[in-house]
There are 2 protein chains.
Amino acid sequence: MRLTTKGRYAVTAMLDLALHGSDRPVSLADISGRQDISLSYLEQLFAKLRRNELVKSVRGPGGGYRLSRARDEIFVAEIIDAVNESVDATGCGGTADCQQGEVCLTHHLWCDLSKQIHGFLSGISLANLVERREVKNIAARQDARSQNPAPAETLTLAEL
Amino acid sequence: MRLTTKGRYAVTAMLDLALHGSDRPVSLADISGRQDISLSYLEQLFAKLRRNELVKSVRGPGGGYRLSRARDEIFVAEIIDAVNESVDATGCGGTADCQQGEVCLTHHLWCDLSKQIHGFLSGISLANLVERREVKNIAARQDARSQNPAPAETLTLAEL
DNA sequence: GCAATAACCTACTATTTTAGTCAATTAAAA
DNA sequence: TTTTAATTGACTAAAATAGTAGGTTATTGC
Ligand code: FES
Ligand code: FES
């Protein structure tokens with residue numbers, strides 16, 4: 001199991017899409033600006049998200065990405081699965097054979113843990129996140145900043 | 001958050017210690033043989049486990065390691081913490097400042113996930129694992145094999 | 001038709017982590 | 001005093017992370 005910035009970036013970007021993509025497609029440049037994620041890196045992540053049919057793309061001017069399903073039908077676990085390998089915590093990937101073809105001493109523990117994590121993350125949809133108060137507040141802060149994109153040297157206290 | 005073979009090896013080795021270390025210290029060579037973990041790698045892991053006061057060492061012939069506490073007072077979460085950095089899933093480590101000093105969109109989600117994982121793994125002690133039927137069975141298999149250590153070429157079906 | 005936009009694709013890279021190996025030293029028991 | 005086994009430190013190959021760079025293709029508005 002691994003959860004690094006790759007998975008975190010993917011969920012953050014998808015949440016940004018859920019927040020801003022209700023009417024028009026959202027470009028990666030927009031997401032990059034709001035969430036401080038490298039544009040080229042986002043391209044890599046969205047290639048995987050598209051392959052896993054979590055987003056649809058629209059090319060050309062005014063284009064970008066939109067969610068391929070409703071916000072309440074996309075779950076955090078799917079997003080992490082799409083960019084990472086999986087949220088599986090076992091060493092064997094479920095085949096119960098990591099000790100020379102036989103099940104190891106701690107296999108069942110990692111299975112239980114995997115179920116725990118997967119159960120938790122597949123119970124949270126983008127819609128759930130969008131509804132959260134903290135998420136709304138943070139999104140409002142990000143929107144305010146991006147509408148008035150001043151260089152770092154001239155940032156006022158009010159903008160922070 | 002990361003859970004790789006490092007953390008899995010550590011838990012497996014500690015469980016081996018809980019299973020075999022009731023009367024005498026257990027040498028790393030024994031654990032290495034039973035669990036198929038490189039001896040030198042175990043040495044590295046046990047250096048960390050000792051620094052975190054999860055095990056005590058006994059040098060010299062007949063020496064080895066023993067648990068520094070009772071089996072029901074050592075929890076899986078502690079073991080993983082000792083060798084890995086932590087089971088924390090956030091990018092900020094709890095300081096809520098991963099986006100240029102401010103909290104990011106998904107901070108609360110990763111906090112919740114961390115609590116979930118930590119709650120699960122800190123509720124499982126070595127004593128809990130030792131009592132499990134599957135663990136007993138697998139340990140019995142491993143013991144039978146190690147008492148009759150034949151080279152791979154001459155292994156009989158009965159030994160497998 | 002043309003320029004601008006933005007997805008799409010491929011390849012490359014620096015850094016870090018993993019999963020070890022190797023060699024030498026120290027302490028204790030037999 | 002020899003053997004056992006922990007202890008320490010340095011080193012390494014391979015993989016993954018977190019990007020960067022440069023180009024190509026499709027679409028839209030002018
Ligand atoms: S983790 Fe599944 S057999 Fe070891
Ligand atoms: S993960 Fe805590 S602020 Fe981003």
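Is A:Glu134 buried, partly exposed or exposed? A:Glu134 is partly exposed, because its relative accessible area is 25%, and the scale calls a residue buried under 20%, exposed over 50% and partly exposed in between, with a 1.4 Å probe and protein chains only. This residue lies in helix 7 (residues 133-147) of chain A; helices (H or I, at least four residues) and strands (E, at least two) are DSSP runs numbered from the N terminus. The C-alpha atoms of A:Glu134 and A:Ala47 are separated by 29 Å, and the two residues stand 87 residues apart along the chain.

Before going on, here is how to read the names and values. Please keep in mind that this is a predicted model, in which local features need pLDDT of at least 70 and side-chain atom pairs count only at pLDDT 80 or more, while totals for chains, interfaces and linings use all residues. Residues are numbered from 1 along each chain as its sequence is written, chains are lettered from A and ligands numbered from 1 in the order in which they are written, and side-chain values use heavy atoms, with hydrogens and water left out.

**The two protein copies**

Let us turn to chains A and B. Two copies of a chain are related by a rotation about an axis and a shift along it. Here, a rotation of 180 degrees with 0.0 Å of shift along its axis superposes chain B on chain A, with an RMSD of 0.0 Å; the fit is by least squares on the C-alpha atoms of residues with pLDDT of at least 70 in both copies. The two copies are therefore related as by a two-fold rotation axis. In chain B, the C-alpha nearest the axis belongs to B:Arg2, 2.3 Å from it. Both copies use the same surface, as 100% of the contact residues of chain B recur in chain A, where contact means heavy atoms within 4.5 Å.

**Around the DNA strands**

Next come the DNA strands. A residue is near a strand if one of its heavy atoms lies within 4 Å of it. DNA strand D is surrounded by 25 residues, and the closest are A:Arg2, A:Thr5, A:Pro61, B:Ser57 and B:Tyr65. Of the atoms of DNA strand D that come within 4 Å of the protein, sugar and phosphate account for 66%. The surface near this strand divides into seven nonpolar, 12 polar and six charged residues; Ala, Val, Leu, Ile, Met, Phe, Trp, Tyr, Cys and Pro count as nonpolar, Asp, Glu, Lys and Arg as charged, and the others, Gly among them, as polar. At least two residues of that surface come from each of helix 1 (5-20) and helix 3 (39-51) of chain A, and from each of helix 3 (39-51), strand 1 (55-58) and strand 2 (64-67) of chain B.

DNA strand C has 26 residues around it, of which A:Ser57, A:Tyr65, B:Thr5, B:Ser38 and B:Gln44 come nearest. For DNA strand C, sugar and phosphate make up 62% of the atoms that come within 4 Å of the protein. Seven nonpolar, 13 polar and six charged residues form the surface near this strand. Helix 3, strand 1 (55-58) and strand 2 of chain A each supply at least two of its residues, as do helix 1 and helix 3 of chain B.

The table gathers polar contacts to phosphate oxygens, a polar contact being a pair of N or O atoms within 3.5 Å; within protein, one must be able to donate a hydrogen and the other to accept it, and residues adjacent in sequence count only if both atoms are side-chain atoms.

| Side chain | DNA strand | Distance to a phosphate oxygen |
|---|---|---|
| A:Thr5 | DNA strand D | 2.6 Å |
| B:Arg50 | DNA strand D | 2.9 Å |
| B:Thr5 | DNA strand C | 2.5 Å |
| B:Lys6 | DNA strand C | 3.0 Å |
| B:Tyr9 | DNA strand C | 2.9 Å |

A base is involved as well: a base oxygen of DNA strand D is 3.4 Å from a polar backbone atom of B:Pro61.

**A serine in helix 5**

Finally, consider A:Ser114, found in helix 5 (residues 107-121) of chain A. A:Ser114 counts as buried because its relative accessible area is 10%. Its side chain and that of A:Asp88 are joined by a polar contact of 3.1 Å. Leaving out residues up to four places away in sequence, A:Ser114 touches A:Val87, A:Asp88, A:Ala89 and A:Thr90.
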